[in-house]
Amino acid sequence: MDVLINVINQSQGRDRIFRATQYACALSVYALRNNCEQRDLVETLKSLEANMSAGRKLLRLGNAINAIEAAKRAVRLSDRVLCLCLTTANINRALYFLCDNTLWAENVGLIGGIHKERWSYNASRYYLFSLIMSLTRDAYVIWQLMAQRARDKRFRQKMETHLNESPEVADVIIPQLDAFLFLLLHSLKTQPSVVLDAIKNICDLSLPLDKLGIYKTNAGVVAFCGLVSSLIGIVTLIQPKLKIKP
């Protein structure tokens, strides 16, 4: 119960819970779309999904400022690759939130006369760029972990033992590929936070890719990916050690 209260007390935690509920409803609606006997339930789920989406837009007000502050912190990183990836990702996140907040203001009647389709398109584009840079950061961190692991004398001996003890693998898999996969898996075991962040970003990619028409899927796939991403976000709030840093 204390963990749940701690998550709810955070604005980011409430957003993740709303997001998970939103995509769970969307996934349920997709699963029940051909069930005529559940029309009332489907309408209820659609209404709940819409309310969760509207609530999340309120919770995201001001997130652009947080993203700008995160970009400022990223600029100070000594690692140039991380500096570039995180600064670019956070700048694009700030622009995404700016577009999202503008669309919300137009929907509630605070402003008018904007081209909603263009602002929505730009929001999805900035979100996509942010995710690409975040995934680039993940790939870079994984490469660093693998390089560090490969320099470890004990690990090299362990890998050589593995290759020598599995001669039958050579008939099916190229030895170099087997060594690479062995190194990759053992490197990822040391940093599960990187694995979770990469899975989360890959799942989130389906959303802007579908909206921009770059890679069209269906509502079920988008909802499933959104739900998985949201659950990972909740897990990282409950267990901060599973959140990638920086």
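1. Among contacts in the protein between residues at least 6 apart in sequence, 72% join residues at least 24 apart. The model is a predicted one, and the points below should be read with that in mind. Buried residues account for 40% of the 246 residues.

2. Overall architecture. The protein has 10 helices and zero strands, and from the N terminus on its elements run α-α-α-α-α-α-α-α-α-α. Along the principal axes, the C-alpha atoms fill a box of roughly 65 × 50 × 40 Å. The accessible surface comes to about 14800 Å², and carbon and sulfur atoms hold 60% of that area.

3. The largest nonpolar core. This core contains 19 residues, and Tyr96, Phe97, Tyr127 and Leu207 are those with the most contacts inside it. Two or more residues are contributed by each of helix H2 (11-31), helix H4 (63-75), helix H5 (80-107), helix H6 (116-150), helix H9 (192-211) and helix H10 (219-238). H6 supplies the largest share, namely five residues.

4. The second core. A separate core of 15 residues is also present, with Tyr140, Met159, Leu184 and Val194 among its members.

5. Aromatic pairs in general. The structure holds three aromatic pairs. Which of these rings stack, and where do they lie in the chain? For tyrosine 96 and tyrosine 127, the ring centres are 5.0 Å apart and the planes meet at 25 degrees, so the pair is stacked. This pair joins distant parts of the chain, since tyrosine 96 belongs to helix H5 and tyrosine 127 to helix H6, with their positions 31 residues apart. 

6. Burial of the stacked tyrosines. Tyrosine 96 has a relative accessible area of 16% and is therefore buried. Tyrosine 127, at 19% relative accessibility, also counts as buried, because the limit is under 20%. Ring pairs link Tyr96, Phe97 and Tyr127 into a cluster.

7. Surroundings of tyrosine 127. With residues up to four places away in sequence set aside, tyrosine 127 touches Arg19, Tyr96, Asp204, Leu207 and Pro208.

8. The pair within H6. Tyrosine 140 and tryptophan 143 form a stacked aromatic pair, with 6.2 Å from centre to centre and 25 degrees between the planes. These two residues are three apart in helix H6, so about one helical turn separates them. Is each partner buried or exposed? Tyrosine 140 is buried, with a relative accessible area of 17%, whereas tryptophan 143 counts as exposed at 55% relative accessibility.

9. Helix H9. This helix has 20 residues and reaches 30 Å from its first C-alpha to its last, close to the 28 Å expected at 1.5 Å a residue. Its buried residues are Ser193, Val194, Asp197, Ala198, Asn201, Cys203, Asp204, Leu205, Ser206, Leu207, Pro208 and Asp210. The cover over the buried residues of H9 includes H2, H6 and H10. Glycine 213 follows H9 and has a positive phi, near 75 degrees.

10. Serine 206. Which residues does serine 206 contact beyond its neighbours within four places in sequence? They are Val222 and Cys225. Serine 206 lies in helix H9 and counts as buried, with 11% relative accessibility. A polar atom of its side chain lies 2.8 Å from the backbone oxygen of cysteine 203.

11. Helix H3. Helix H3 (residues 39-59) has 21 residues, and the distance from its first C-alpha to its last is 30 Å, close to the 30 Å expected at 1.5 Å a residue. Val42, Leu45, Met52, Gly55, Arg56 and Lys57 are buried in H3. These buried residues of H3 pack against H2 and H5.

12. Points to inspect together. Tyr127 and Leu207 are both listed with the residues that have the most contacts inside the 19-residue core, and tyrosine 127 touches Leu207. Leu207 is also one of the buried residues of H9, and H6 is included in what covers the buried residues of that helix. Tyr140 is included in the second core of 15 residues, and the ring of tyrosine 140 is stacked with that of tryptophan 143. Val194 is included in that second core as well, and Val194 is buried in H9.

Conventions
Residues numbered from 1 in each chain as written. Predicted model: local features only at pLDDT ≥ 70, side-chain atom pairs only at ≥ 80, totals over all residues. Heavy atoms only, no water. Core = buried A, V, L, I, M, F, W, Y, C linked by side-chain atoms within 4.5 Å. Buried < 20%, exposed > 50% of the residue type's maximum accessible area, 1.4 Å probe, protein only. Helix = DSSP H or I, 4+ residues; strand = E, 2+ residues; numbered from the N terminus. Contact = heavy atoms within 4.5 Å. Expected span 1.5 Å × (residues − 1). Polar contact = N/O pair within 3.5 Å; in protein donor to acceptor, adjacent residues only side chain to side chain. Areas by Shrake-Rupley, 256 points an atom, 1.4 Å probe, with all protein chains shown as cover. Phe/Tyr/Trp six-rings, centres within 6.5 Å; stacked < 30°, edge-to-face > 60°.
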